[in-house]
Amino acid sequence: MNRLLYPKLAWQSLRQNFRFWLPYLLSIIGCSGAFYILLAMAAAPDLPDRTRYAYLSVFTGIGAFVVALFSFIFLFYTNSFLMKRRTKELGLYNVLGLGKRHIARILGFEMLYTALMGIGGGLVFGMLFQKLVTLLLFHAMKFEVYYGFYVSGFGMAATAEVFGAILTLCLLWNLVCIRRQNPVEMLRFENAGEKEPRARFVFTLLGIVCLGAGYFIAIVTDDAMQALTLYSVAVILVIVGTYCLFTSVSIALLKMLRKNKNYYYQTKHFIGISGMLYRMKRNAVGLANICILSTMVLVMVSGTTALFLGTEDSILERYPTDIAAAVYYYPEQQPPFDPQAMYRQTLQRVQEHGVQVEQEHTMTTLSFDAGRKGELFTTKKDKELSVVSFTFLTAQEYKKLTGEELSLARDEVVVWGKESLPQEDTLTFDFSGERADPGPGMSFRVVRGEKLSDFSVPGVVGSVWSDCYCVAVADDTVIDSLYRAQSAAYGDLASRMLFKVMLNIAGDEQAEIECAEFLRDVSGEQFAEWGSWQSFSVDSRAEGLDDFYTLNGGFFFLGVFLGLLFVMATVLIIYYKQISEGYEDVRRFQIMQQVGLEKKEIERFVKGQVRVVFFMPLLAAVVHVAFDFGLVTLLLTLFGLYNTKITLLCTVGTVAAFAVIYAGIYLLTAKIYYRIVSQTSD
């Protein structure tokens, strides 16, 4: 047999199946190009040797792993679809005298052509767009832009190896499937009769239970650390529930409607329900995949966008002033710490640096953690208890910082809470620690409680890993009592007092950074004048801004980059779904016309049916996102974003934008579907 026969037949087959093969080839180009771009950015030369630039390799490494894993699953899925569409063609080859060994050679050449064009095109695509993507990432992460162009040899080799391995595995799977199939059955594959789909009670119950459990977790979780722990559990439950929803629950619902004779035996209901019943059987997994991919896109893009757009809010909460010099100290140590000496020297050194101070204030606080036990906060160690962070300051400090005067008795407090407010009228502490005896306790009457977002004291930021309360007390004697009580309870692990000098200065971000570095360089003699203290640190908003944008910008880039990749996958799945349904509905159109139904009436019902099935995944995805919103909001607090309004607006905006894109995909693919049906049924 002519050796050129196999490559010729392979090329001819690809040309004949161009409508199916081209989207598959484009998906390989897109996935391999995205993989190369991420690897090339990870190996970018001539980057500064600074810690924040190390985040680049971390984010690109995570992205490359996700792209590789996604490509493996997605290309296997689309490859299996292509093989199903070609079952009759391959069976015809077999009947005409080509053995399965010969068919295997044809498939091998087809995969070789696909690999050369797909991986080669992906590398070209990656090289062309790598610099643009790099510039966008550097802009998001506030990096200095480097305009040099380079080609990553490692990225090219790794891309060829990874995607070559994926396509080889697809080929091996195809050969296994061909080996198992009977030639006659392959020829009759498209004409095989369909059995009525069954709604399995176990899967229906499993879907309802999984969705309900996932939604329940999302609703009842009100703690950020709990959200971090339970989020993956909720995601898995919803994914399982989604597959069951489309494969079994939907069929059960359609069968219930069919049992209602008065409803079912109407022309518009009869055609719609019967058509969707069989369509759900053939396309349930595809619809579930579309729903899950849509949910991933909506959650990733909305969450990372909110995190990026909320960076300024996070910075202002973490760094309320341009510069903050802080000292931790133990009040009982001798000689005692002198806050005024530290305050005077800080202002003096700022003036020595030639920087003008526009606003300044000081703040003394005490912070410690306690376990919540009902209405009691205890210092006993217990893994069962949720940890709560408290920050205390005096009414005098509060007035000095905000201008508002608080008239508090010794046993009265004003409380602000970030996560949730105490419902009780009293705030009670058990300071017994690990001692067997009850030990000392302190109780205060809560005269006012508000959300921490309404608390205007700058620099008081609680722990993002736990609930946090800010408490204003009457005077220094109460602070001293609290300090001594928690010191006795925690021993060597007791909290220290904190004194802060907070400054707003004239100048740009570079001036802030230089001033902060100058303040850190304090001589030993000056330290000695302060008395006894434990640690000294200087923070600047400008330095924090770089770190926040590095982290949030990296997440934003990953969210948008992977979101676009998942949108591409969604488009391809929808495209294949519309084409396959078009060819399946040709026979249904012909049969319905033969039994007397007018073509216009049939088209109207089928169009309505297609719209319902098409937008069902989007509706389910929006419901998933609505229930997931609370968990996402809690998770974002771990990164310092407490502005729920930004998160809500980003979520609504992302859903609206995706719905427009989804509708556009529907219009484009629906035209292909109607053209297939109308041309063949005329």
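These are my notebook entries on a predicted model.

**Entry: cavities**

I started with enclosed space. The structure holds four cavities of 30 Å³ or more. I took the largest cavity, which has about 200 Å³ of space. Its lining is made of 14 residues. Leu14, Trp21, Leu82, Arg86 and Glu110 are the closest to its centre.

Which helices each supply at least two residues of this lining? I noted H1 (5-16), H2 (18-42), H3 (51-85) and H5 (100-140). H5 gives the largest share, four residues. I then sorted the lining by class. Seven residues are nonpolar, five are polar and two are charged.

**Entry: helix H1**

I stayed with H1, one of the helices that line the largest cavity. H1 has 12 residues. From first C-alpha to last, H1 reaches 16 Å, close to the 16 Å expected at 1.5 Å a residue.

Next I looked up burial along H1. Tyr6, Pro7, Leu9, Ala10, Ser13 and Leu14 are buried. Why do I say that the buried residues line one face of the helix? Seen down the axis of H1, they fall within an arc of 165°, so they line one face. The face turned away from that buried side carries Lys8, Arg15 and Gln16, which are exposed. Leu14 appears twice in my notes: it is buried in H1, and it is among the residues closest to the centre of the largest cavity.

**Entry: cysteines**

I searched for disulfides. The count comes to zero. Cys210 is in no disulfide, and the nearest cysteine sulfur, in Cys244, is 6.1 Å away. I checked from the other side as well. For Cys244 the closest cysteine sulfur is that of Cys210, and 6.1 Å is too far for a bond, because a disulfide needs the sulfur atoms within 2.5 Å.

Are these two cysteines buried or exposed? Cys210 is buried, with a relative accessible area of 8%. Cys244 is buried too, with a relative accessible area of 5%.

**Entry: the loop between E1 and H13**

I looked at peptide bonds here. Most peptide bonds are trans. A cis peptide bond joins Gln334 and Pro335, with omega about -10°. Pro335 lies in the loop between strand E1 (323-329) and helix H13 (339-352).

I moved to Gln333, which is also found in the loop between E1 and H13. Gln333 counts as partly exposed, at 29% relative accessibility. Which residue did I pair with Gln333 across 198 residues of sequence? It was Gly531, and the C-alpha atoms of Gln333 and Gly531 are 8.9 Å apart in space.

**Entry: helix H15**

I checked the span of H15 (residues 476-490). At 1.5 Å a residue, its 15 residues should span 21 Å. The end C-alpha atoms of H15 are 21 Å apart, which agrees.

I listed the buried residues of H15. They are Val478, Ile479, Ser481, Leu482, Tyr483, Ala485, Gln486 and Ala489. What follows H15? I found Gly491, whose phi is positive, near 60°. Most residues other than glycine have a negative phi.

**Entry: two more pairs**

I looked up Asp430 in strand E6 (residues 426-430). Asp430 counts as buried, at 15% relative accessibility. Asp430 and Lys373 are 57 residues apart in sequence. Their C-alpha atoms are 9.9 Å apart in space.

The last lookup was Tyr674, found in helix H20 (residues 644-681). Is Tyr674 buried or partly exposed? At 22% relative accessibility, Tyr674 counts as partly exposed, because buried means under 20%. How many residues of sequence separate Tyr674 from Ile579? The answer is 95, and the two are 9.4 Å apart in space, C-alpha to C-alpha.

Note on methods. Residues numbered from 1 in each chain as written. Predicted model: local features only at pLDDT ≥ 70, side-chain atom pairs only at ≥ 80, totals over all residues. Heavy atoms only, no water. 1 Å grid on protein atoms, 1.4 Å probe; cavity = no way out; pocket = protein on both sides within 12 Å on 5 of 7 lines; lining within 4 Å. Points joined across faces, edges and corners; volume = space filled by probe spheres on them. Nonpolar A, V, L, I, M, F, W, Y, C, P; charged D, E, K, R; others polar. Buried < 20%, exposed > 50% of the residue type's maximum accessible area, 1.4 Å probe, protein only. Expected span 1.5 Å × (residues − 1). Arc of directions from axis to C-beta.
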